[in-house]
Amino acid sequence: MNLFVFGLGFTARRFAERARDRFDAVRATVTDPARTGPGDIAAMRAFGPGSDDPRIAADLADTDVLLVSAPPVRDLDTTLGVYRDAIAKSRIGWIGYLSTIGVYGDHQGAWIDEDTAPSPVSGRSQGRLAVEEAWLALGRETGKPVQVFRLSGIYGPGRNPIVKLREGKSQRIIKPGQVFNRIHVDDIATTLLASIDKPRGGAVYNVTDDEPTPPQVVTEYAAKLAGLPLPPEVDFETADLSPMARSFYGENKRVRNHRIRDELGVDLAYPTYREGLAALVADARTA
């Protein structure tokens, strides 16, 4: 069984590394060839938005599992735009599209699940929802099982609040009532593997932890675990945030993950930020 990944970023790379023994061959694309190196698990195919690389089409013909992690470009999915026919004609038997819980929009802190109608606020999330629907349409048209995975805030080795604290890039932003869900990258990999073992065309899954939490609480816990000083509190209204970072605070919701548990049998290794951060501190090399 062969795996192909469009967009070997932080999450997809971790999945490919953890799942390497499951596949005879692992191939992937990256947009920046400089990001590949001698330790990579795949024969990399570097391509830019809108390009058509015949090596990729040939690889897709020899693929069984397809993971799509590449983000939209100007609200368009370049993977479908270029390789739709190759995918439709291939023997691929499982397709996973990595999306975001941002497609649900703002629910003022209320609990939501996969039955909640998407209502994206930002242009990025609107583009994600459009691409979700395009992939699901491909599944309906071809009979290939397409699954959508809506991810919450991703953290893991090398990308987490402890790293930000050590680099002096952390802010303890205070916005009353604000909460976020999170998910450890290894729990994403576990969920994807469970879905590959139990495909269901048209399925949508929230991949998130059990405990939506105010961001400053997570920062405080990370600092305590790692023995690092806390950054000062900053009011959200006056915080120095990029437009993208500020937009995240415009959405407030608590996301349920019952479907990955009940349907796929996923048992999260890190059900809250506490277990996840503790594991990162225990392995100082990756925290």
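**Notes on a helix pair and two nonpolar cores**

1. A good place to start is the helix pair: H7 passes H10 in a right-handed crossing. Please keep in mind that this is a predicted model.

2. Here is the geometry of that pair. Helix H7 covers residues 215-226 and helix H10 covers residues 273-282; their axes come within 10 Å and cross at roughly 30°. Angles under 35 degrees count as roughly parallel, and H7 and H10 are therefore roughly parallel to each other.

3. Which residues in H7 and H10 meet? From H7 come Val217, Val218, Tyr221, Ala222, Leu225 and Ala226, and they meet Tyr273, Arg274, Leu277, Ala278 and Val281 of H10. By class, the contact of H7 with H10 has 10 nonpolar residues, 1 charged and no polar ones.

4. Now to the interior. The largest nonpolar core has 31 residues, and Leu3, Phe15, Leu67, Phe149 and Leu192 are those with the most contacts inside it. Two or more residues each are given to this core by strands S1 (2-6), S2 (25-30), S4 (65-68), S5 (94-100), S7 (146-151) and S11 (204-207), together with helices H1 (10-18) and H6 (185-197). H6 gives the most, with 6 residues.

5. Phe149 deserves a look of its own. Leaving aside neighbours within four places in sequence, Phe149 is in contact with Trp94, Gly96, Tyr97, Leu98, Ser99, Thr100, Thr191, Leu192, Ser195, Tyr205 and Val207.

6. Apart from the largest core lies another core, of 19 residues; among them are Ile56, Ile95, Leu136 and Val146.

Note on methods
Residues numbered from 1 in each chain as written. Predicted model: local features only at pLDDT ≥ 70, side-chain atom pairs only at ≥ 80, totals over all residues. Heavy atoms only, no water. Axes fitted to C-alpha atoms, helices over the stretch in contact; angles between N-to-C directions. Helix = DSSP H or I, 4+ residues; strand = E, 2+ residues; numbered from the N terminus. Parallel < 35°, antiparallel > 145°, perpendicular 65-115°, else oblique. Left-handed = near helix turned anticlockwise from the far one by under 90°. Contact = heavy atoms within 4.5 Å. Nonpolar A, V, L, I, M, F, W, Y, C, P; charged D, E, K, R; others polar. Core = buried A, V, L, I, M, F, W, Y, C linked by side-chain atoms within 4.5 Å. Buried < 20%, exposed > 50% of the residue type's maximum accessible area, 1.4 Å probe, protein only.
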